[in-house]
Amino acid sequence: MGRHADQHARSLSDPEGFWGEAATAIHWDTAPTVVLDRVAEPREQWFTDGRLNTCFNALDRWVDGGDGVDEVRPDQAALVHHSPVTDTVRQWTYRELRDEVARLAGALAGLGVGAGDTVVIYMPMVPEAAMAMLACARLGAIHSVVFGGFAPRELAIRIDDARPTVVLSASCGIEGSTVLPYKPLLDAALDRAEHEPDHCVVLQRPQETADLVEGRDRDWADLVAAAEPVNCTSVGATDPLYVLYTSGTTGTPKGVVRDNGSHAVALRWSMPNVYGCGPGDVFWAASDVGWVVGHSYIVYAPLLTGCTTILYEGKPVGTPDAAAFWRVVDDHDVKVLFTAPTAFRAIRKEDPEATLLAEHDTSTLTHLFLAGERTDPNTLEWAQAVLGVPVVDHWWQTETGWPVVANCVGIELVDVKPGSAGLPVPGWDVRVVDVDGNDVAAGETGAIVLRQPLPPGMLPTLWGDDQRFLDSYLTAHPGNYLTGDGGFIDTDGYVSIMGRIDDVINVAGHRLSTGAMEEVVAAHDAVAECAVIGVADDLRGQVPLGLVVLTSGADVDPDELAAELVAAVRADIGAVAVFRRVVIVDRLPKTRSGKILRRTMRAIADGEDYALPSTIDDPAILDELGERLAAPA
Ligand code: COA
Ligand code: AMP
């Protein structure tokens with residue numbers, strides 16, 4: 001057996017031994033005596049009786065050490081903010097970052113935030129966003145970061161579900177060359193929401209000054225300047241660290257809960273083993289703190305490991321050019337870069353020969369990791385050819401918190417098979433099953449499930465809705481977690497992810513719910529019925545397409561209606577949905593029981609072959625649909 005196969009086999013045959021050893025890399029206030037606890041079945045709990053603080057492990061332990069901690073790096077850069085959109089680069093050592101975070105935590109404590117309270121963070125890619133997450137962790141408070149690209153309606157839904165004591169925000173974000181005021185979006189969300197936080201703390205950026213509401217709103221800088229630093233609060237391993245909302249199949253997002261103990265152990269293990277990075281290495285996840293990649297690999301994992309992490313405020317192209325990524329790698333000696341394939345497609349489109357790369361020294365880079373959507377072999381081969389390093393597609397989800405399928409380069413670099421996300425990572429028993437839950441043969445496509453026990457880092461529940469957690473993930477095939485993705489495993493054990501088998505879509509690596517868009521479209525008076533499906537897109541992988549049936553007698557101009565629907569989705573969900581095309585149809589194809597045939601419509605839109613569903617009500621609709629979709633957009 002190769003080293004990877006060996007570790008994988010051990011992780012499944014002896015999870016207690018495997019993860020018990022991994023847990024020794026974490027500083028515990030009370031070391032756990034229990035590793036895997038099955039009392040909470042059908043889910044598992046890890047390190048149940050352990051106590052720790054995640055912020056201590058991410059910051060203080062690198063500054064002051066602690067019991068059994070033999071390595072400190074107080075003067076090493078912990079966080080670098082590289083922001084071409086503001087033309088600034090700033091950095092904080094571990095000591096400086098710890099001190100900032102300790103004061104911010106003191107400021108939050110002064111506003112009444114304590115262990116178990118929730119705090120919503122709605123911020124652009126500024127270093128204060130990462131500091132805010134760590135400050136919450138320091139207090140044992142539960143943060144819920146909402147991606148800055150979401151519109152007020154989406155923010156309001158999350159505020160009502162998370163019920164924060166305090167909301168942290170900023171005066172603006174900067175998208176390319178556009179300054180986007182955030183405070184009006186926050187105010188609009190708070191107007192819509194039923195829940196009222198006690199306070200909002202607003203970071204005033206030089207590009208925009210937000211109006212503050214007397215009594216409720218506080219100025220970030222003033223508040224922090226007046227605060228005293230506070231120490232870390234010890235919490236139970238299974239206490240929640242954060243809630244991160246992600247798109248499900250309905251319009252109501254799922255509040256994925258992450259605990260403190262198992263999260264720290266899993267992420268700390270993943271850095272050397274999956275990514276090949278240890279203390280002192282520079283790690284750059286070019287994502288956003290509003291997504292799980294940002295939580296795990298901009299903030300927590302690199303800091304838990306003593307790396308330098310880069311928080312990048314810009315785009316791969318246009319800020320100012322297609323050399324943006326090469327510049328960051330060169331300037332900061334990045335060892336590992338992690339981003340979405342879309343970013344590389346965008347760079348390639350602008351600079352197909354990668355001529356701009358010649359102006360930069362990227363020799364520190366050892367690997368490029370891609371996730372968020374499938375890496376098409378074309379993009380993988382291009383990236384590999386221009387960068388001259390292995391390019392690793394790897395697969396995981398908000399729910400899993402860290403990679404499930406990858407080429408674990410820190411254990412053993414196995415052959416890269418373009419089109420496949422690699423091998424199951426130690427800890428994960430990945431299976432492909434048919435509708436009855438039976439394992440399918442190698443090479444056959446089915447639903448991808450993860451067999452229990454699930455490793456540390458995996459979500460323990462959904463915030464405030466344990467029944468939805470059980471129904472969404474653990475009920476379809478008892479003993480297995482349903483991922484929502486389809487794919488196959490080949491005879492060498494490589495896993496290929498072929499896409500979602502539910503109504504979730506990935507637009508430029510951003511996970512979105514077509515159900516949420518349908519709710520907005522269906523609310524228009526002229527719309528009798530609608531379906532939003534994800535169709536293939538050269539740049540973003542997938543984009544949504546709205547199919548609309550008009551109410552009888554509706555007298556509307558199709559172009560005007562389309563423009564109104566596009567504007568509505570942009571206003572209610574956000575520009576990030578990239579909902580730009582609406583097609584009016586006479587009828588939607590359905591099964592005889594009335595279920596809309598979304599997958600068939602998607603195949604037609606993508607020009608793929610499809611089998612005529614045996615349950616279809618009226619096959620003629622498919623020809624009509626094909627004609628409408630073939631008409632110029
Ligand atoms: N706040 C506000 N608006 C945002 C936003 C944010 N954080 N992120 C995106 N938007 C807006 C964009 O400005 C754009 O608005 P527009 O319609 O007015 O132009 C819209 O949402 C669509 O955004 P996007 O799809 O990102 O398009 P883009 O043209 O700005 O950039 C790419 C295209 C490919 C460069 C970009 O999508 C990209 O870098 N993708 C990689 C994504 C990624 O890292 N995903 C994380 C998972 S690992
Ligand atoms: P998120 O929860 O936002 O991280 O999105 C997770 C979803 O993105 C997965 O369920 C997949 O559908 C998709 N995804 C992530 N990484 C990959 C990958 N490497 N290949 C294919 N799909 C991916």
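**Notes on two ligand sites and selected local features**

1. An N or O atom in the side chain of Arg 570 sits 2.7 Å from an oxygen atom of ligand 1. That is a polar contact, meaning a pair of N or O atoms within 3.5 Å; within protein, one must be able to donate a hydrogen and the other to accept it, and residues adjacent in sequence count only if both atoms are side-chain atoms. Glu 175 adds a polar side-chain atom at 2.8 Å from an oxygen atom of the ligand. Val 576 uses its backbone instead: a polar atom there lies 3.2 Å from a ligand 1 oxygen. On its own, ligand 1 exposes 940 Å², and the protein buries 81% of this area. Accessible areas come from the Shrake-Rupley method with a 1.4 Å probe; for residues, only the protein chains shown count as cover.

2. On the basis of these notes: this is a predicted model, in which local features need pLDDT of at least 70 and side-chain atom pairs count only at pLDDT 80 or more, while totals for chains, interfaces and linings use all residues. Residues are numbered from 1 along each chain as its sequence is written, chains are lettered from A and ligands numbered from 1 in the order in which they are written, and side-chain values use heavy atoms, with hydrogens and water left out.

3. Which residues are closest to ligand 1? They are Glu 175, Lys 315, Thr 342, Arg 540 and Arg 570, out of 24 that surround the ligand. A residue is near a molecule or strand if one of its heavy atoms lies within 4 Å of it. The shell comprises 13 nonpolar, six polar and five charged residues. Here Ala, Val, Leu, Ile, Met, Phe, Trp, Tyr, Cys and Pro count as nonpolar, Asp, Glu, Lys and Arg as charged, and the others, Gly among them, as polar.

4. Ligand 2 has 15 residues around it. His 394, Thr 398, Asp 485, Arg 500 and Arg 511 are the closest. Its shell splits into four nonpolar, five polar and six charged residues. Thr 398 places a polar side-chain atom 2.5 Å from a ligand 2 oxygen. Two backbones face ligand nitrogen: a polar backbone atom of Arg 374 is 3.4 Å from a nitrogen atom of ligand 2, and one of Glu 373 is 3.5 Å from a nitrogen atom of ligand 2. Taken alone, ligand 2 exposes 490 Å², of which the protein buries 95%.

5. Next, an open sheet. Four strands make it up, ordered E23-E24-E25-E26, with antiparallel pairing. Its edges are E23 (429-433) and E26 (495-500), each pairing on one side only. Neighbouring strands are turned by 50 degrees against each other on average, direction ignored. Axes are lines fitted to C-alpha atoms, for helices over the stretch in contact, and angles run from 0 to 180 degrees between N-to-C directions. Strands (E, at least two residues) and helices (H or I, at least four) are DSSP runs, numbered from the N terminus. Two strands pair if DSSP finds at least two bridges between them.

6. How many bridges join E24 to E25? Five, between residues 446-451 and residues 480-489 in the antiparallel sense. Arg 451 stands opposite Asn 480 of E25.

7. A second open sheet has three strands, E29-E30-E31, and mixed pairing. E29 (527-537) and E31 (581-584) are its edge strands, each pairing on one side only. From one strand to the next, the twist averages 25 degrees. E29 and E30 (residues 541-550) pair antiparallel over 10 bridges. Glu 529 has Val 549 in E30 as its bridge partner.

8. The structure holds 35 salt bridges (a side-chain nitrogen of Lys or Arg within 4 Å of a carboxyl oxygen of Asp or Glu). One pairs Arg 153 with Glu 519, with the closest N and O atoms 3.0 Å apart. Arg 153 belongs to helix H6 (residues 152-162) and Glu 519 to helix H15 (residues 514-522), so the pair ties together parts that are 366 residues apart in sequence.

9. Backbone geometry to check. Thr 319 and Pro 320 are joined by a cis peptide bond, omega about -5 degrees. Pro 320 is in the loop between strand E17 (308-312) and helix H11 (324-332). Another cis peptide bond links Gln 452 and Pro 453, omega about 5 degrees. Pro 453 lies in the loop between E24 and helix H14 (466-474).

10. Asp 87 has a positive phi, about 55 degrees, although it is not a glycine. Asp 87 falls in the loop between strand E4 (77-83) and strand E5 (88-93).
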